[in-house]
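Got your viewer open? Please load the model and get your selection tool ready, and we'll walk through it stop by stop.

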Amino acid sequence: MLRFVEEIILLLLRDDDGKFVNVPQSSIDRAIAGAVLMELAMENRIDTDLENLILVDSTPVGDSLLDPTLALIAEGEESDSRHWVEQVSRQAPDIREQALDRLEERGILEREDDRFLWVFRSRRYPMVDGHAEREVKLRIMGVLFSDEIPSPRDVVIICLAHACGIFTELLSKRELEQASARIEQVRKLDLIGQAMTQSIQDFEMWLANAAVQGRGFF
């Protein structure tokens, strides 16, 4: 079974050229952070309520995608989910690269560097075995276009896809209109997912205010 980080990365890669969809890096980073935290909750290492994210068990899971974050939480002070989404998002680039390595090792995708005159220009990740990606998409569609009660894992992947803003890539305009109420209903079932979405919205608002006020970022 793939981890949530690996599943959301598969959804973020375009089928036609293996490049990442045009999503703000800040959204991807926070979605990756949310994926790790949600996985730790599924592993019964953390829990959440309306105010705090709570450490339940500091025993390592035995997975290098998850254990550094678990150690960070164990060493830190108790705080809410939004705080930990922000903290873990700082490690998101490293987590993403490790997840890509694992997907490559499993034969699901491969790396290709596009070069021009021997100069590195970009990297893409064409799919080798699309079974895992199709399985994730089928799970999502099965929830969005039915009245069935979603499983906890289905709730999580829908929260992550919504946070990244990639439903516009996965669904047609008509399908998105039909599914919008269902997406909203499902994503409210997970407290970490709500915190992750709020963190993304807060960052986007900060960027917009900074642009209006003419502040630089460097």
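What follows is a short tour of a predicted model, from the whole chain down to single residues.

**The whole chain**

Start with a cartoon view and colour by secondary structure. You should find ten helices and four strands. Trace them from the N terminus and the order is α-α-β-β-α-α-α-β-β-α-α-α-α-α. Now switch on the surface: the chain exposes about 11800 Å², and carbon and sulfur atoms supply 50% of that. Of the 218 residues in the chain, 45% are buried. If you look at contacts with a separation of 6 or more, 64% of them join residues 24 or more positions apart.

**Stop 1: helix 1**

Select residues 4-12, which is helix 1. How many of its nine residues are buried? Nine of the nine, so this helix is mostly covered, where buried means under 20% relative accessible area. Click along and you'll pass Phe 4, Val 5, Glu 6, Glu 7, Ile 8, Ile 9, Leu 10, Leu 11 and Leu 12. To see what does the covering, add helix 2, helix 5, helix 6 (131-144), helix 7 and helix 8 (167-170), which are among the elements involved.

**Stop 2: helix 3**

Next, select residues 67-75 for helix 3, and show the side chains of Asp 67, Thr 69, Leu 70 and Ile 73, which are buried. Turn the model until you look down the helix axis: the buried residues of helix 3 fall within an arc of 160°, so they line one face. Here's a handy bit of background: an α-helix has 3.6 residues a turn, so residues three or four places apart point the same way. Now swing round to the other side of helix 3, where Pro 68 and Glu 75 are exposed. The cover over the buried residues of helix 3 includes helix 2 (25-42), strand 1 (46-48), strand 2 (53-55) and helix 4 (81-89).

**Stop 3: Ser 89**

Stay with helix 4 and pick Ser 89. Is Ser 89 buried or exposed? Its relative accessibility is 7%, so Ser 89 counts as buried. Show Asp 29, Arg 30 and Ala 33 as well: these are the contacts of Ser 89 once you leave aside its neighbours within four places in sequence.

**Stop 4: Asn 44**

Move to the loop between helix 2 and strand 1 and click on Asn 44. Asn 44 is exposed, with a relative accessible area of 55%. Check its backbone too: phi is near 60°, a positive value in a residue other than glycine.

**Stop 5: Glu 110**

Now head for the loop between helix 5 (92-105) and strand 3 (112-116), where you'll find Glu 110. Glu 110 has 34% relative accessibility, so it counts as partly exposed. Beyond residues up to four places away in sequence, Glu 110 touches Glu 104, Arg 124, Tyr 125, Pro 126 and Val 128. Try your distance tool from Glu 110 to Asp 129: they are 19 residues apart in sequence, and the C-alpha atoms are 9.6 Å apart.

**Last stop: the largest pocket**

Finally, look for the largest pocket, with a volume of about 220 Å³. To centre your view, select Ala 41, Met 42, Asp 190, Leu 191 and Ile 192, the closest to its centre of the 13 residues that line it. Helix 2, strand 1, helix 7 (152-164) and helix 10 (191-213) each give two or more residues to the lining. What kinds of residues make up the lining? Colour them by type and you get ten nonpolar, one polar and two charged.

Technical notes
Residues are numbered from 1 along each chain as its sequence is written. This is a predicted model: local features need pLDDT of at least 70, side-chain atom pairs count only at pLDDT 80 or more; totals for chains, interfaces and linings use all residues. Side-chain values use heavy atoms; hydrogens and water are left out. Buried means under 20% relative accessible area, exposed over 50%, partly exposed in between (1.4 Å probe, protein chains only). Contact means heavy atoms within 4.5 Å. Accessible areas come from the Shrake-Rupley method with a 1.4 Å probe; for residues, only the protein chains shown count as cover. The arc is that of the directions from the helix axis to the C-beta atoms. On a 1 Å grid over the protein atoms alone, a cavity is a set of points where a 1.4 Å probe fits but cannot get out, and a pocket is an open set with protein on both sides within 12 Å along at least five of seven lines; lining residues have an atom within 4 Å of a point. Grid points are joined across faces, edges and corners, and a volume is the space filled by probe spheres set on the points. Ala, Val, Leu, Ile, Met, Phe, Trp, Tyr, Cys and Pro count as nonpolar, Asp, Glu, Lys and Arg as charged, and the others, Gly among them, as polar.
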